[in-house]
Amino acid sequence: MFKPVGLVVSFILVSWSCRAQAAPDALSISGVVALARSAHPLVKEREAALRAAHVLKEQAGRRPVPELDVEVGHKKAGDDGYEVGIALGFPVERAEKRTARLGVAESDVQIARASLAQERGDVELQARIGCYEYLAASADAEAAREIAGRSHAMVALLKQRPAAGPGILLELRVIEAGLIALEKSALESEALRDSARINVNALLGRPLTNALVLTDTLAAPTGAVDFAALAEAVERDPSIVKKMAEVRRTVSEVALSAQEARPDYRVGPYYSREDAGDVESVFGVAISIPLARRGSYRGAIVERYEAAKAAWTAERMNRLSEIARMQRLYELAIRQANEISEAQVETLRDAAALADRQYRIGAIPVSLFLEMQREFLAVQQLRHEVLLNALTKEAELNRVLGEVGLEGDS
């Protein structure tokens, strides 16, 4: 008797559960950044490259393994016989050569670590700017749809009124013409919002059609940035660290080249046995010394060192010049953002609603009604534009200041 009731309750619970699972999780911008840094495939690629560099560094520290030489031959001298020779060679490696080889491997680790930090910074910047763009475009689309809805309601109201001469008809046509621009603005904002959402979802490794719910709001930056702190932070910038690691690598290559110009040798016990009627055995010491020309590649590597050092100097100068320009643009962006406060936008929103009510009772003309709607939307879009510019500059500068992620990665 109670089965139908139980089925209904079960259906309601399952439906509620499905809706709860389908509902997107709300994320903060910092949460989006953290997920993107950990989930992006290019970051995982750099992490794998860093692990490989550590393995190669470990291998570079190992001493050469012994080498076994075996010789077997048929000997024909009177009576047929054979000859066997066995030698076990222990490579003798100079400490300077091993140090230089480790220096090259350590430089490769530093380059891989800097590349990882640079990729993480790129992903973080893309995720943060994508979130800013999504919030700005969402608010603009909402405002445009709000005004368009108000205009649609006005058109419906005018159509309900009895024809009272050409004035009402012309007002109707004016509002309908204004609706075209409003719809265009709304569609453009929605396209920007969807594009930003797709970009953020791609960074997070989620389906591109997933909804995006952010808990943060757009607000003008308040912090000033000291150029001295930026200049100091440039020394930790991944691109600079990478260039310096390349310089150190070339220095180690120069030292390694000098050591390789001095041939290594192997020494170890030697045994041979010869049986051609008479048996003859020999025990001794085998020494193997390769022949090589000294300094055959040294000149080219020295030139590479000079080129790498010049590239590091140029990169450092470029970064200092770039952050000086970024700091100036950031200061101007903050000044622009502070000139248009959120309270001013809300005042214009209220004025647009008031214009709607006043036009309905015939207190203002249609031109003033439309002008107020357009001004509200234009000011809100302008505020979001300058906010987006300021927040983007802030994110770029914070990346320079906070890009110390070169330690802590094994």
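## A walk through the structure

At just 1% relative accessibility, valine 123 counts as buried, because the cut-off for that word is under 20% relative accessible area. Let us start our tour from this residue, keeping in mind that the model is a predicted one. Valine 123 has its place in helix α4. Leaving aside residues up to four places away in sequence, valine 123 touches Ala36, Arg37, His40, Val43 and Leu203. One of these partners shows how the chain folds back on itself: alanine 36 is 87 residues away from valine 123 in sequence, yet the two C-alpha atoms are 6.7 Å apart in space.

Follow that contact across and you can turn to helix α2, which covers residues 29-39. Ile29, Val32, Val33 and Ala36 are its buried residues. Viewed down the axis of α2, these buried residues fall within an arc of 100°, so they line one face of the helix. A similar reading works for helix α6, residues 227-234, where Leu230, Ala233 and Val234 are buried. Down the axis of α6 the buried residues fall within an arc of 105°, so here too they line one face of the helix.

For a contrast, look at asparagine 199, which lies in helix α5, residues 166-204. Asparagine 199 is partly exposed, because its relative accessible area of 42% falls between the 20% limit for buried and the 50% limit for exposed. Glutamine 126 is 73 residues from asparagine 199 along the chain, but their C-alpha atoms are separated by 8.5 Å.

Now step back to the whole protein. It has 10 helices and six strands, and 34% of its 410 residues are buried. The pairings across the chain that we have just seen fit into a wider count: of the contacts between residues at least 6 apart in sequence, 80% join residues at least 24 apart. On the outside, the protein exposes about 23,400 Å², with carbon and sulfur atoms supplying 58% of that area.

Next, find the largest pocket, which holds about 350 Å³ of space. Sixteen residues line the largest pocket, and the closest to its centre are Ala139, Thr217, Glu342, Arg383 and His384. Three elements give two or more residues to this lining: α4 (95-160), α9 (342-360) and α10 (366-402). Of these, α4 gives the most, with six residues.

Helix α10 also holds glutamine 380. At 4% relative accessibility, glutamine 380 counts as buried. Beyond residues up to four places away in sequence, glutamine 380 touches Ala139, Asp140, Ala143, Val345 and Arg349. Ala139 has thus appeared twice on our tour, as a contact of glutamine 380 and among the residues closest to the centre of the largest pocket.

Finally, how confident is the predictor, and where? The protein averages a pLDDT of 77, and 77% of the residues score at least 70. Among the elements, strand β4 (residues 213-214) has the highest mean pLDDT, 90, while helix α1 (residues 3-22) has the lowest, 43. Over residues 1-23 the pLDDT stays under 50, and the model has zero contacts beyond four places in sequence for them. Residues 404-410 also stay under 50, but for this stretch the model has 15 contacts beyond four places in sequence.

Definitions and conventions. Residues are numbered from 1 along each chain as its sequence is written. This is a predicted model: local features need pLDDT of at least 70, side-chain atom pairs count only at pLDDT 80 or more; totals for chains, interfaces and linings use all residues. Side-chain values use heavy atoms; hydrogens and water are left out. Helices (H or I, at least four residues) and strands (E, at least two) are DSSP runs, numbered from the N terminus. Buried means under 20% relative accessible area, exposed over 50%, partly exposed in between (1.4 Å probe, protein chains only). Contact means heavy atoms within 4.5 Å. Accessible areas come from the Shrake-Rupley method with a 1.4 Å probe; for residues, only the protein chains shown count as cover. The arc is that of the directions from the helix axis to the C-beta atoms. pLDDT is the predictor's confidence in each residue, from 0 to 100. On a 1 Å grid over the protein atoms alone, a cavity is a set of points where a 1.4 Å probe fits but cannot get out, and a pocket is an open set with protein on both sides within 12 Å along at least five of seven lines; lining residues have an atom within 4 Å of a point. Grid points are joined across faces, edges and corners, and a volume is the space filled by probe spheres set on the points.
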